[in-house]
Amino acid sequence: MTKTALITGITGQDGYYLSKLLLDKGYRVVGLVPPGRLGSVSKLDELADQVDICPVALTSADELIEAVYSLQPTEIYNLAAPSFVPASWEDPLGTLDLITGTATRLLKATRQLGLSTRFYQASSSEIFGEVLSSPQTAQTPFRPKNPYGAAKLHAHWTMVHHRDRYGLFACSGILFNHESPRRPPRFVTRKISLAAAAIKLGMRDRMSIGNLDAKRDWGFAGDHVEAMWRMLQADKAEDYVIGTGVLHTVRDLVSAAFDCVDLDWQKYVEVDSTLVRADEHFQLVADPTKAKENLKWQPQVSFEKLIDTLVTSDLRRLEAGKISPTGAAS
Ligand code: F7E
């Protein structure tokens, strides 16, 4: 029988890669998209015609119950979230409602309908926040430092409570940074790859950056969505941290990107102190041992290959006039 996967946040980066993976595996893929955002379905490019779209207000418990009941999904992937961390300070309540509210409403719908649907909650390394030890596992204490991390943590606990109390097959993937050419350019990887490509092509002459010493565990989004799917195929519902286990600085990232276009980054990059985030001295890096052992999951794309893919993609899109040198689609 054909499996049905229901995805919130389908038009984002992870929604694209997850849809592709599930379609390749023969799933029927259904995206729950708020009626006011149906235009964003075109972001799925060639997949837009292969998935079904169900217009649903994620803020409406009734609409979600109706959608889950009529679709009877085998699996639900709850990916919807405003994902740019600094923006969560501007709208903490909206962030909380979209992240925690959607998770809670979907979990409640699954539980009330008594379905055997397996549930994936997209969690984030931001729930670890100000860590006291590195690397992090699913047992590391959570000390989020921003409204985004706090909302993701609330959604995580809500999922755990539903699993413990009602026996739902539900789990969290605590994902570290994962990137691709589909990442919007306000995130640091695409910001840098786009600038390196635009400067190489003579379309820009400078780039401003925040903290060059900030460190992250950067992987490829296509690898990380594979882990989401594997979590829902396991015998037991458990939470996993998903990351490469390798830390790099933003300076490494800048240097790797400019190396790809044979430019000396120090001539083009300037630090803008207004872009430096407060309190970012901690090291968020995954210990993916459990995912490797239980799920046989391994990241396939190295940091260097990832950066090369981003820069090459931005060079091509700029040359083809598909994006502007500062990032907006044209
Ligand atoms: O920042 C530093 C910045 O904005 C990465 C989201 O997917 O991953 C993502 O969140 C690092 C930070 O992503 C600039 O301070 C320096 O240390 O690309 P980002 P993020 O905030 O880590 C987590 C796991 C999520 O869950 C989120 O949804 O880079 N950084 N200079 C800068 N970052 C930006 N954006 N711009 C700069 O100029």
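**Notebook: loops, helix pairs and domains**

I began with K296, which I found in the loop between α9 (289-295) and α10; helices here are DSSP runs of H or I with at least four residues, strands are DSSP runs of E with at least two, and both are numbered from the N terminus. Before going on, I noted that this is a predicted model, in which local features need pLDDT of at least 70 and side-chain atom pairs count only at pLDDT 80 or more, while totals for chains, interfaces and linings use all residues. I also noted that residues are numbered from 1 along each chain as its sequence is written, and that side-chain values use heavy atoms, with hydrogens and water left out.

**Backbone entries**

For K296 I looked up phi and found a positive value of about 55°, although K296 is not a glycine. Because its relative accessibility is 60%, I entered K296 as exposed (exposed means over 50% relative accessible area, buried means under 20%, and partly exposed lies in between, with a 1.4 Å probe and protein chains only).

I then turned to D45, which lies in the loop between β2 (28-33) and β3 (52-55). D45 is likewise a residue other than glycine with a positive phi, here near 50°, and with a relative accessible area of 46% I entered D45 as partly exposed.

Next I checked P135, in the loop between β5 (118-124) and α5 (147-166). The peptide bond that joins S134 and P135 is cis, and its omega is about -5°.

**A residue inside a helix**

I looked up T102 in helix α4 (residues 92-112), and since its relative accessibility is 0%, T102 counts as buried. Leaving aside residues up to four places away in sequence, I found that T102 touches L58, N78 and D97, where contact means heavy atoms within 4.5 Å.

**Two helix pairs**

For helix α1 (residues 13-24) and helix α7 (residues 221-233) I wrote down a packing angle of about 60° and axes 9 Å apart. The axes are lines fitted to C-alpha atoms, for helices over the stretch in contact, and angles run from 0 to 180 degrees between N-to-C directions. I therefore recorded α1 and α7 as oblique to each other, given that angles under 35 degrees count as roughly parallel, over 145 as roughly antiparallel, 65 to 115 as roughly perpendicular and the rest as oblique. Their crossing is right-handed, a term used if the near helix is turned clockwise from the far one by less than a right angle, with anticlockwise giving left-handed. On the α1 side the contact includes Y17, L18 and L21, and on the α7 side it includes V225, M228 and W229. I sorted the contact residues into 8 nonpolar, 2 polar and 2 charged (nonpolar are Ala, Val, Leu, Ile, Met, Phe, Trp, Tyr, Cys and Pro, charged are Asp, Glu, Lys and Arg, and the others, Gly among them, are polar).

I then examined helix α8 (residues 250-260) with helix α10 (residues 303-319), which pack at about 55° with axes 9 Å apart, so α8 is oblique to α10. The crossing of α8 and α10 is right-handed, and the contact brings together D252, L253, A256, A257 and C260 of α8 with F303, I307, D308 and V311 of α10. By class, I entered 7 nonpolar, no polar and 2 charged residues for the contact of α8 with α10.

**Domains**

Last, I read the domain assignment, automatic or from a database, which gives domain 1 (4-175) and domain 2 (185-217 + 247-285 + 301-319). Their centres, taken over C-alpha atoms, are 28 Å apart, and the contact takes 14 residues from domain 1 and 10 from domain 2.
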